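Please open the model in your viewer and keep the sequence panel beside it. The stops below say what to select next and what is to be found there.

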Amino acid sequence: MNARMPPMQDAVLIDALNQATSLELYQLSALVERLITDPRRIVAVRKDLHLGQVVRFYDGRRDTMREGRIVESAMRR
C-alpha cells in the first residue's frame, strides 16, 4: 500500500481496511460502486447544484481535494 496517507484520513478506518481480506475489500468495493451509481442518489445531489457554484471534489489522479466550478456541460450529463 502507498505510504502516503490520503487527505481525508480516518486512522481507525484505514487500519480496518488494511486488515481486511481481499474478499472483504472486493465486497466493499462492489457495495460502494452500487451506492455511488444509484440514480436516486445522483438526482438528489444534482438538484442542489447550480451553474457557477463552487464545489469541492476528490481528484483520484492526484489524491487530493480540489475546487471547481459547475459549468453548463456538466449539468447536461
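## First stop: Asp38

Begin by selecting Asp38, which is found in the loop between helix 2 and helix 3; bear in mind throughout that this is a predicted model. Is Asp38 buried or exposed? Asp38 counts as buried, because its relative accessibility is 18% and the cut-off for burial is under 20%.

Now add Arg40 to the selection and display the side chains together with the backbone. The side chain of Asp38 reaches the backbone nitrogen of Arg40 at 2.9 Å, and Asp38 also forms a salt bridge with Arg40, in which the closest N and O atoms are 3.1 Å apart. Arg40 itself is exposed, with a relative accessible area of 66%, whereas its partner Asp38 counts as buried at 18%. Side chains of opposite charge can pair when their charged atoms come close.

## Stepping back to the whole chain

Before going further, switch to a cartoon view of the chain. There are four helices and two strands in the chain, and from the N terminus on the elements run α-α-α-β-β-α. If you colour by confidence, the chain averages a pLDDT of 87, and 86% of the residues score at least 70. Among the elements, helix 2 (residues 22-36) has the highest mean pLDDT, 96, while helix 4 (residues 72-75) has the lowest, 75.

A surface view adds further context for the individual stops. The chain exposes about 6900 Å², of which carbon and sulfur atoms supply 57%, and buried residues make up 8% of the 77 residues in the chain. Among contacts between residues at least 6 apart in sequence, 28% join residues at least 24 apart.

## Along helix 2

Next, select Leu25, Leu28, Leu31, Val32, Leu35 and Ile36, and show them as a surface. Together these residues form a nonpolar patch on the surface, with about 470 Å² of accessible area. Leu25, one of the members of the patch, is found in helix 2, and at 36% relative accessibility Leu25 counts as partly exposed.

## Asp59 and its arginine partners

Move on to Asp59, and ask which side chains meet that of Asp59 in salt bridges. One of them is Arg62, at 3.3 Å from N to O; another is Arg66, at 3.0 Å from N to O. Asp59 counts as buried, with a relative accessibility of 4%, while Arg62 is partly exposed, with a relative accessible area of 48%, and Arg66 likewise counts as partly exposed at 31%. Salt bridges that share partners join Asp59, Arg61, Arg62 and Arg66 into one network, so Arg61 should be added to the selection if you wish to display the network as a group. For the chain as a whole, the count comes to five salt bridges.

## The loop between the strands

Select Asp63, which lies in the loop between strand 1 and strand 2 (64-69), and inspect its backbone torsions. What is the phi of Asp63? The angle is near 55 degrees, a positive value in a residue other than glycine. Most residues other than glycine have a negative phi. Asp63 is also buried, with a relative accessible area of 14%.

## Gln53 and its contacts

Continue to Gln53, which lies in the loop between helix 3 (39-46) and strand 1 (54-59). Gln53 is buried, since its relative accessible area is 19% and the cut-off is under 20%. Which residues are in contact with Gln53, once its neighbours within four places in sequence are left aside? They are Asp48, Gly68, Arg69 and Ile70, and selecting them together with Gln53 brings the residues of these contacts into one view.

## Last stop: Arg46 and Met75

Finally, select Arg46, which is found in helix 3 and counts as partly exposed at 28% relative accessibility. Add Met75 and draw a distance between the two C-alpha atoms: Arg46 and Met75 are 29 residues apart along the chain, and their C-alpha atoms are separated by 8.0 Å. When reading this distance, recall that helix 4 (residues 72-75) has the lowest mean pLDDT among the elements of the chain, 75.

Terms used
Residues are numbered from 1 along each chain as its sequence is written. This is a predicted model: local features need pLDDT of at least 70, side-chain atom pairs count only at pLDDT 80 or more; totals for chains, interfaces and linings use all residues. Side-chain values use heavy atoms; hydrogens and water are left out. pLDDT is the predictor's confidence in each residue, from 0 to 100. Buried means under 20% relative accessible area, exposed over 50%, partly exposed in between (1.4 Å probe, protein chains only). Contact means heavy atoms within 4.5 Å. Patches are made of residues with over 30% relative accessible area and no salt bridge: like charges are joined within 9 Å, nonpolar side chains (Val, Leu, Ile, Met, Phe, Trp, Tyr) within 5 Å. Accessible areas come from the Shrake-Rupley method with a 1.4 Å probe; for residues, only the protein chains shown count as cover. A salt bridge is a side-chain nitrogen of Lys or Arg within 4 Å of a carboxyl oxygen of Asp or Glu. A polar contact is a pair of N or O atoms within 3.5 Å; within protein, one must be able to donate a hydrogen and the other to accept it, and residues adjacent in sequence count only if both atoms are side-chain atoms.
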